[in-house]
Structure formats: structure tokens, C-alpha cells
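Please open the model in your viewer and keep the selection tool at hand. The tour moves from one selection to the next.

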Amino acid sequence: MTTFINLTPHTINVAIGDNIIALPADGREARVSSENVLVGTIEYERVLHSQDVFDERASIPIVKTVYGDVETVRKNADGSQTVLHVGLPEPQVGTVYIVSMLVGGLVHGRDDLYGPDSGPTAIREQGQIKAVRNLIKYQ
């Protein structure tokens, strides 16, 4: 029997035929630290010449996201996060970890990381994913 530990902030519902298997969030979350760094601006200008003549100008900030370490965090009651440790929990025999695509794409050398397949086979209601039909294996 395999143990699933969901390190995303949401329950992952997996549809198998007519059944739904719910993989509840563990309470810990694997995330990637990040920082937005200002890299420049784009100048926007629109001049309308008609009955309502106006000039509209703005400098739109452009940032680049710089990714840091994968961290395992716990959300606190006040909405803040406490970093439990850098990295993911250690592999355990018979255990798989459900992580986000970003985490799964950045961590290499593990064969126990999976994520929800939110592609075209996912079940959606009003544009929101209600269940997935597959898990993606990250390597």
C-alpha cells in the first residue's frame, strides 16, 4: 500500500471511473522561495485627439522573478508562513509526495514526486478544476 503525502495547499481529487479519491493537503506545503526584481520599465503613451483631448502616459514596471530554494513550510493561523526546513521531507519507502509543477520541475534525483495532471483530461466546473484523472511523475 502506498502512502500519499500532499504537500500542496489544496485537496487533490483524483477521478478513477465513477469514484473520486481525495488526497487531502498535509498541512505542510512545498514551495519555491522567490523574489521579484525590477529590471526596467515600459513607457505607455496614448494620446486621443477628438472632442475629449487627453494625454495618458505611464511607466509600467517590469520585474523578473528570481527563484530560490525549495522549502517546506507550514501556514500559521494569521496567514504567515513558518519555514520548517529547506528542501523536501526525506524519501520514505512506500511514500509518494504530491507537489506543485514548479517544485517538481526544480527538484531532481527523486523518484517519489508527483503532481496533479491539470491538462485537458482534468474535470472542470465553471473553469475550475474539480478533479484530475492522472498524476504526473516528476524526475
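What follows is a series of stops in a predicted model.

**Stop 1: the nonpolar core**

Select I5, L7, A30, V32, V70, L88, Y97, V99, V103, V107, L113 and Y138. These 12 residues make up the largest nonpolar core. In soluble globular proteins, nonpolar side chains tend to be buried together.

Now centre on V107. Setting aside residues up to four places away in sequence, V107 touches V70, L88, L113 and Q139. Of these, V70, L88 and L113 are listed in the core.

Another core lies apart from this one. The second core has 6 residues, including I12, V14, L23 and A122.

**Stop 2: a nonpolar patch outside**

Go to the surface and select V37, V39 and V66. Together they form a nonpolar patch with about 220 Å² of accessible area. V39 belongs to strand β4, which covers residues 28-48. Is V39 buried or exposed? V39 counts as exposed because its relative accessibility is 55%, and the cut-off for exposed is over 50%.

**Stop 3: T72 in strand β5**

Select T72. You are in strand β5, residues 54-75. T72 has 0% relative accessibility, so it counts as buried. What does the T72 side chain reach at 2.7 Å? The partner is the backbone oxygen of G87.

Show the surroundings of T72. Beyond four places in sequence, T72 touches R28, E29 and A30 on one stretch of numbering. Its other contacts are T82, V83, L84, H85, G87, L88 and P89.

**Stop 4: P89 and its loop**

Step from T72 to P89, one of its contacts. P89 sits in the loop between β6 (81-86) and β7 (95-98). With a relative accessibility of 8%, P89 counts as buried. P89 touches L7, R28, T72, Y97 and R110, leaving out residues up to four places away in sequence. L7 and Y97 are both listed in the largest nonpolar core.

Try a distance from P89 to E71. Their C-alpha atoms are separated by 9.5 Å, with the two positions 18 residues apart along the chain numbering.

**Stop 5: Q92 in the β6–β7 loop**

Stay in the loop between β6 and β7 and select Q92. Q92 is partly exposed, because its relative accessible area is 45%. Which side chain does Q92 meet in a polar contact of 3.2 Å? The partner is Y97. From Q92 to D112, 20 residues apart along the chain, the C-alpha separation is 8.6 Å.

**Stop 6: salt bridges**

How many salt bridges does a search of the whole structure find? The search finds 4. Side chains of opposite charge can pair when their charged atoms come close. Three pairs are worth selecting in turn.

- D112 and R110: this salt bridge has an N to O distance of 2.8 Å. Both D112 and R110 are buried. You have met R110 as a contact of P89.
- D26 and R28: the closest N and O atoms of this salt bridge are 2.5 Å apart. D26 counts as partly exposed because its relative accessibility is 33%.
- K75 and E29: here the closest N and O atoms of the salt bridge are 3.7 Å apart. The pair links distant parts of the chain, K75 in strand β5 and E29 in strand β4, 46 residues apart. K75 counts as partly exposed at 47% relative accessibility, whereas E29 counts as buried at 14%.

**Stop 7: T8 and its contacts**

Select T8, in the loop between β1 (3-6) and β2 (12-16). T8 has a relative accessible area of 8%, so it is buried. Its side chain and that of N6 are joined by a polar contact of 2.7 Å. The T8 side chain also reaches the backbone oxygen of H10, at 3.0 Å. Leaving aside neighbours within four places in sequence, T8 is in contact with A25, R28, I98, V99 and S100. R28 is the salt-bridge partner of D26 from the previous stop.

**Stop 8: Q126 and its phi**

Finish at Q126, in the loop between β9 (123-125) and β10 (128-131). Check the backbone angle. Most residues other than glycine have a negative phi. Q126 is not a glycine, yet its phi is positive, about 50 degrees. Q126 is exposed, because its relative accessible area is 85%.

Methods. Residues are numbered from 1 along each chain as its sequence is written. This is a predicted model: local features need pLDDT of at least 70, side-chain atom pairs count only at pLDDT 80 or more; totals for chains, interfaces and linings use all residues. Side-chain values use heavy atoms; hydrogens and water are left out. A nonpolar core is a set of buried Ala, Val, Leu, Ile, Met, Phe, Trp, Tyr and Cys residues joined through side-chain atoms within 4.5 Å. Buried means under 20% relative accessible area, exposed over 50%, partly exposed in between (1.4 Å probe, protein chains only). Contact means heavy atoms within 4.5 Å. Patches are made of residues with over 30% relative accessible area and no salt bridge: like charges are joined within 9 Å, nonpolar side chains (Val, Leu, Ile, Met, Phe, Trp, Tyr) within 5 Å. Accessible areas come from the Shrake-Rupley method with a 1.4 Å probe; for residues, only the protein chains shown count as cover. A salt bridge is a side-chain nitrogen of Lys or Arg within 4 Å of a carboxyl oxygen of Asp or Glu. Helices (H or I, at least four residues) and strands (E, at least two) are DSSP runs, numbered from the N terminus. A polar contact is a pair of N or O atoms within 3.5 Å; within protein, one must be able to donate a hydrogen and the other to accept it, and residues adjacent in sequence count only if both atoms are side-chain atoms.
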